[in-house]
Amino acid sequence: MSDLLDRSHGDWLLAAKNLTIESRLFVDGDYRNAASGETFESRTPRDGSVVANVARGDADDVDLAVRAARNAFDAGRWRSLAPRARKEVLLRWADLIREHTEELALLETLDVGKPITESVRVDVASTAACIQWYAEALDKVYDELAPSGNRALVTVTREPLGVVGAVVPWNYPLIITSWKVAPALATGNSVVLKPAEQSSLSALLLARLAVEAGIPTGVLNVVTGLGPEAGAALGRHPGVDKIAFTGSGEVGRKFLGYAAESNGKQVQLEAGGKSPQLVLADAANLPAAASAVAWGICYNAGQTCNAGSRLVVDRAAKDELLPQVLDVVRSFKVGDPLDPATTMGPIVDQQQLDRVQGYLRIGQEDGAELIGGARLRPETGGYFLEPALLDRVDNSSRVAQEEIFGPVLSVIDFDGVDEGLRLANETAYGLAASVWTSDLRTAHRVSRELRAGTVWVNTFDATDVFAPFGGFKASGAGRDKSLHALHEYTGLKTTWIDLS
Ligand code: NAD
């Protein structure tokens with residue numbers, strides 16, 4: 001990896017030019033065109049040019065992929081292997097991903113505009129690490145023996161669910177895929193993956209590497225296509241046992257509907273957030289808070305489900321904190337994501353850019369004061385935006401309540417811990433939150449009262465695969481990551497053996 005991190009802008013431009021891009025579906029171990037022969041254009045947010053014509057899978061292709069996945073499952077090609085054998089294959093897959101860091105990072109950067117250094121250091125590295133973690137975990141998990149006494153032997157075992165449909169968004173295509181596919185495969189399921197239309201390419205290479213590593217054909221399939229076509233067909237397919245979804249709440253709720261209309265399949269949702277960074281008057285280290293607040297909204301151009309998009313700050317700390325936040329925000333270098341010096345790339349596509357700019361206007365109409373937020377580098381054809389801060393935001397206004405999914409920080413002020421806590425919790429979402437304080441009792445009380453799946457104290461976005469991730473309220477149900485995710489892809493079986 002280190003040689004990749006030493007590369008220049010010119011090196012990456014050349015590598016991008018020479019990159020071979022696969023854009024067909026991956027079903028039953030092979031690439032193939034969509035049954036209809038249709039494709040859709042995938043444009044790079046760097047300059048708006050077409051990088052690939054991607055197979056536009058529809059219900060026929062989903063059906064083929066689900067059948068391949070079901071056949072592989074029923075034949076026991078993967079689930080019946082000894083845990084140690086599955087572990088070795090998954091470890092090989094993680095190694096192959098590391099060996100293909102250059103291509104995977106380039107695909108991710110071209111497709112969604114992530115700075116290349118982050119694609120290398122974070123996205124590809126975390127994907128391999130996640131798969132490795134579940135590989136290492138899978139042969140260390142024991143089942144249960146129930147307290148049945150001597151007249152019966154009652155075992156409680158975890159069984160794979162069968163065919164899992166993974167539907168993922170464009171903001172972290174590889175990482176979020178690994179959060180779903182790694183525990184699903186570790187527990188012996190087959191998977192049909194539907195990437196977002198903005199970010200199909202890295203998944204297609206990932207699947208080929210899985211087969212190269214020894215994952216039997218049919219166990220991991222990728223159907224690229226549009227949400228209302230391929231996504232809906234997967235959600236409605238009677239042969240799918242579970243949907244694992246990350247994306248918007250609106251689409252997440254559609255999957256609950258698809259499940260209800262079809263076979264009542266399980267649905268796990270991670271559906272975004274409006275995460276507060278709650279800075280109390282006694283926060284000891286304001287420079288650290290300022291840095292975390294800025295990174296929490298600028299990283300990945302704010303296109304992060306747990307982005308710290310609301311700064312909820314005590315008026316006693318605000319005047320000192322805000323200039324420091326702005327200093328860090330202004331230190332982000334917005335530019336070509338293939339340039340290693342870039343720390344903030346473009347917004348993913350024109351539609352999302354329009355949406356984010358629309359929210360800047362809405363915020364101002366509602367009385368907020370806008371700092372930043374200018375369109376940058378329009379001459380490139382790319383979708384670049386200066387990070388923005390909306391000050392004096394009312395917590396009930398739209399820019400405080402709706403997920404913007406861009407580098408836009410809404411600043412809300414208050415007096416005293418109780419008001420701050422109330423405002424932090426006054427959101428439909430419950431994905432993540434932070435509290436900044438120097439008092440241990442306050443930290444403990446407030447972190448318990450914050451209604452969020454992850455609460456950080458005096459830090460933000462600290463994360464690792466061992467920590468569960470997911471939300472309360474409209475942010476969804478179920479958890480990615482950690483050993484708990486293994487339970488998301490298994491069902492309990494009771495076996496009662498009469499010994500009387
Ligand atoms: P989305 O919810 O529209 O898409 C997520 C996934 O669902 C994609 O794979 C998409 O193809 C699929 N999909 C879309 N419409 C579908 C439908 N009708 N039936 C079945 N599947 C469908 O998210 P998006 O378009 O990527 O972004 C829209 C908004 O969602 C963003 O502005 C942001 O607020 C939010 N979002 C949240 C996350 C997150 O991590 N929670 C990620 C991306 C976007």
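Seven strands of this predicted model form an open sheet in the order 14-17-18-13-12-20-21, with mixed pairing; strands are DSSP runs of E of at least two residues, numbered from the N terminus, and two of them pair if DSSP finds at least two bridges between them. Strand 14 (369-372) and strand 21 (454-457) stand at the edges with a single partner strand each, so one side of each has no neighbour in the sheet. Residues are numbered from 1 along each chain as its sequence is written. Local features need pLDDT of at least 70.

**The seven-stranded sheet**
- Neighbouring strands of this sheet are turned by 20° against each other on average, direction ignored, where axes are lines fitted to C-alpha atoms, for helices over the stretch in contact, and angles run from 0 to 180 degrees between N-to-C directions.
- Strand 20 (residues 432-436) pairs with strand 21 in the parallel sense over four bridges, and Ala-433 stands opposite Val-455 in strand 21.

**A helix on the sheet**
- Helix 13 (residues 350-365), a DSSP run of H or I of at least four residues, lies across strand 14, strand 17 (388-391) and strand 18, and runs at about 20° to strand 17.

**The three-stranded sheet**
- A sheet of three strands, also described as open, has the order 5-6-24 and antiparallel pairing.
- Strand 5 (144-145) and strand 24 (490-498) are at its edges, each with a single partner strand, so one side of each is left without a neighbour in the sheet.
- Strand 6 (residues 152-160) and strand 24 pair in the antiparallel sense over nine bridges, with Glu-159 standing opposite Gly-491 in strand 24.

Key
Predicted model: local features only at pLDDT ≥ 70, side-chain atom pairs only at ≥ 80, totals over all residues. Heavy atoms only, no water. Contact = heavy atoms within 4.5 Å.
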